[in-house]
Amino acid sequence: MAMNHIFRLSSLSSSLAASWLSSVDDEDEDEDEERRMADPELRLWEAEVLWESGNRNLAIEILKAHRSEIVDTDDRILLSRVTLTIGEWLDHERVERPKVLWEKYFNKAAVLLQTATISAMPSSSTSPLSSFSSSSSSAAVAAAWTGKALNVLGTFAERQCEELLATIDDEAASAVRLQKSNELKACQQAILEASSSGNGGGSELARLKGILRRLEAQVSSDEAEMKTTQTDIGGFLQIAVWAFAQCLEISDSFDNSVYSLVSLIMTHANMPEMGTILLANTPMERIASRKFLPLAHQLCARLSTDETPFHSMLKRLVYRMAVEYPYHVLNHLFALRNANRTSSASSSGGGGKGKGKSESDIMEEKRCRAAEGILMQVRATDSDLKGIVDAVDQMCEAYIELAVSSVPEKYRNTKLVNKIIGFSSKMRISRLLQNLPPNIPVFTARPTTGIPGDYGCVPFISSMSEGYSLAGGINLPKILRVLGSDGQRYKQLVKGKDDMRQDA
C-alpha cells in the first residue's frame with residue numbers, strides 16, 4: 001500500500017516521498033487504507049499535495065470521490081471545505097462555465113456555511129462568532145477554514161459580477177444591440193409606409209413582415225439576455241457582499257477583504273439590489289470598526305444627509321469608528337465640516353447669493369451637515385469623548401485661523417525660508433499653546449490601531465514652536481514644527497485660500 005502512495009505522488013521530491021514512507025511505517029496495508037479512508041483531513045491533504053505538485057486532474061478526481069463519500073456527513077464545515085475547494089480548482093482550470101460552477105459548488109458551499117454557523121449558534125446569540133467561541137482546536141480550525149472559504153467565495157462572486165458588468169458595458173456589443181433596435185424601428189416604419197401607400201405589393205409587404213419577425217425575435221432575445229445578466233449581477237453582488245462581510249466578522253486573517261467589500265458597496269450603492277443587501281441582516285454592523293480605518297478618508301468623503309440605505313449604513317459606520325477610534329477619524333470629519341470655510345474666505349469678493357448652487361455645491365453642503373451631525377453624536381456619547389472632540393475642534397479652529405491669516409509685509413518677499421515668524425498674541429494658536437490640552441493629537445502622524453479606547457498608540461502634541469517659517473509660493477504656506485509625545489519631531493504645512501489636495 002505504501003508503494004501505491006508513492007506511485008500516486010511520484011511527481012514529488014524524493015525527500016517528501018521518503019517522509020511519506022516513514023509516516024506509513026510498517027503498518028498493515030488494510031489498517032493503513034482504513035485509517036486513510038477514515039481521516040478526511042488526510043484525504044484532503046493528499047489532494048492538496050497532488051494539486052501543488054501539478055497533478056491537478058487527479059487532485060480534482062480525488063476530491064470529487066471524497067465529496068461523494070461524505071455527502072451525508074453532519075460535518076457541514078468539512079463538506080463545504082471540500083465542495084468549495086473543488087469549485088475553486090475547477091474555476092482555476094477553466095474547465096466549466098462560471099454559472100455551472102456556481103450552481104454545483106460555490107452556491108452549495110455558501111448554503112453549507114450559512115447553515116453551519118446558524119445551527120451552531122445559541123438561541124440568544126445574533127453573531128456567527130458564537131459558534132466558534134470554543135477553545136478547542138477543532139473550533140479554531142473550523143473558524144480559520146470558514147474565514148478562508150468566505151474569502152474565496154466572495155472573490156469568485158466579485159469576479160463574476162465584474163465580468164458580467166463588462167459584457168453590459170462592452171461598446172461593440174452595445175453597438176450591435178443599438179443597430180438591431182434601429183433596424184427594427186426602420187422596418188416597422190417601412191411596413192407602415194408600404195401599407196398606407198398601397199404600392200408595396202403583397203410580396204414586398206410579406207418580405208418586410210418576415211424581416212420584422214426576425215428582428216423582433218433578435219431584439220427580444222437580446223432584451224431577455226440583458227435582463228438575465230442584470231439579475232445574475234444582482235445575485236453575485238449579494239453573495240460577494242455577504243461573504244466578504246462574514247469573512248471580516250469571524251476572521252482576522254483576511255482583513256484585506258475590506259477593500260473589496262467597500263469597493264463593491266460604493267460602486268453599486270445606487271443599485272436596488274444593494275439597498276436590499278444593506279437593509280437585510282448582514283453582519284456589516286458587527287465587523288470590527290478598526291478594519292475600516294485604512295479607508296476612513298474614502299468613507300467620510302461619501303457622507304451625505306440623504307437617507308438612502310447606503311448613506312444610513314455609512315453614517316452608522318463612521319459614527320462607530322469615531323467613537324471607538326476618535327483620533328483616527330475626527331480629523332476627517334472636521335475637514336469635511338470646515339471644507340468651504342477657507343475657500344469662501346478667498347472668494348468673498350466674487351459671486352452673488354442670487355446665483356443657483358451647482359450639484360457639487362449641494363453635495364458638499366450635505367457632506368458638511370452629515371459630518372457635523374456625527375460630531376454632535378460623538379460629543380453626546382460620553383464626557384470623555386466630548387473632551388476629545390472639543391480639544392480637536394479647538395486645534396482645528398486655530399489651524400484655520402493661522403492658515404488664512406496674512407503674513408506681515410516685511411516677511412513676504414524674504415528668501416530666508418527658515419526665518420521663524422512669531423505668532424500674534426491675538427491668535428487662537430498662541431493662546432492655546434499657553435495652556436496646551438494633553439489630548440490634542442499630532443494630526444500629521446499615523447497612529448497605529450489598538451484596542452478601542454486605548455490611546456497609547458496615538459502621539460499627542462507635547463510642544464510646538466512659537467512661530468512658523470514660510471515655504472514660499474504665491475500664498476506663502478506656513479510651516480510649523482511639532483514635538484510629539486512619542487519623541488518624534490513633525491513638520492506641518494498650514495495652507496489657506498488654496499486646495500491642499502494639489503500638494504498631495
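The expected span of a helix is 1.5 Å times one less than its number of residues. Helices (H or I, at least four residues) and strands (E, at least two) are DSSP runs, numbered from the N terminus.

The model is predicted, so local features need pLDDT of at least 70 and side-chain atom pairs count only at pLDDT 80 or more, while totals for chains, interfaces and linings use all residues. Residues are numbered from 1 along each chain as its sequence is written, and side-chain values use heavy atoms, with hydrogens and water left out.

**Exercise 1. Compare the span of helix 9 with its expected span, and list its buried residues.**

Step 1. Helix 9 covers residues 171-197, which is 27 residues.
Step 2. From first C-alpha to last, helix 9 reaches 39 Å, close to the 39 Å expected at 1.5 Å a residue.
Step 3. Buried means under 20% relative accessible area, exposed over 50%, and partly exposed in between (1.4 Å probe, protein chains only). In helix 9 the buried residues are Leu 184, Cys 187, Ile 191 and Ala 194.

**Exercise 2. Find the salt-bridge partner of Lys 291, and place both residues in the chain.**

Step 1. A salt bridge is a side-chain nitrogen of Lys or Arg within 4 Å of a carboxyl oxygen of Asp or Glu. By this rule the model has 23 salt bridges.
Step 2. The partner of Lys 291 is Asp 252, with the closest N and O atoms 2.9 Å apart.
Step 3. This pair links distant parts of the chain, 39 residues apart: Lys 291 is in the loop between helix 12 (272-279) and helix 13 (296-301), and Asp 252 is in the loop between helix 10 (201-250) and helix 11 (257-267).
Step 4. Lys 291 has 5% relative accessibility and counts as buried, whereas Asp 252, at 52%, is exposed.

**Exercise 3. Describe the salt bridges of Glu 307 and Arg 428, then name the members of a salt-bridge network.**

Step 1. Glu 307 pairs with Lys 315, the closest N and O atoms being 3.0 Å apart. Glu 307 is exposed at 59% relative accessibility, and Lys 315 is buried at 16%.
Step 2. Arg 428 pairs with Glu 401, the closest N and O atoms being 3.8 Å apart. Arg 428 lies in helix 20 (residues 428-434) and Glu 401 in helix 18 (residues 383-404), so the bridge ties together parts that are 27 residues apart in sequence.
Step 3. Both ends of this bridge are partly exposed: Arg 428 has 39% relative accessibility and Glu 401 has 25%.
Step 4. The network of salt bridges links Arg 337, Glu 372, Arg 379, Lys 386, Asp 390, Asp 393 and Glu 397.

**Exercise 4. Classify the ring pairs Tyr 327 with Phe 460 and Tyr 399 with Phe 443.**

Step 1. Rings of Phe, Tyr and Trp (its six-membered ring) pair if their centres lie within 6.5 Å; planes under 30 degrees apart count as stacked, over 60 as edge-to-face and the rest as tilted. The count is nine aromatic pairs.
Step 2. For Tyr 327 and Phe 460 the centres are 5.1 Å apart and the planes stand at 85 degrees, so the pair is edge-to-face. Tyr 327 lies in helix 15 (residues 326-337) and Phe 460 in the loop between helix 20 and strand 2 (461-464), so parts 133 residues apart in sequence are tied together. Both Tyr 327 and Phe 460 are buried.
Step 3. Tyr 399 and Phe 443 are tilted, at 5.6 Å centre to centre and 55 degrees between the planes. Tyr 399 is in helix 18 and Phe 443 in the loop between helix 20 and strand 2, so this pair ties together parts that are 44 residues apart in sequence. Tyr 399 is buried at 11% relative accessibility, and Phe 443 is partly exposed at 23%.
Step 4. Ring pairs also join Trp 102, Phe 106, Phe 156 and Phe 236 into a cluster.

**Exercise 5. Locate Ser 80 and list its contacts beyond four places in sequence.**

Step 1. Ser 80 belongs to helix 6 (residues 76-93) and is buried, with a relative accessible area of 1%.
Step 2. Contact means heavy atoms within 4.5 Å. Leaving aside neighbours within four places in sequence, Ser 80 contacts Ala 109, Leu 112, Leu 113 and Trp 145.
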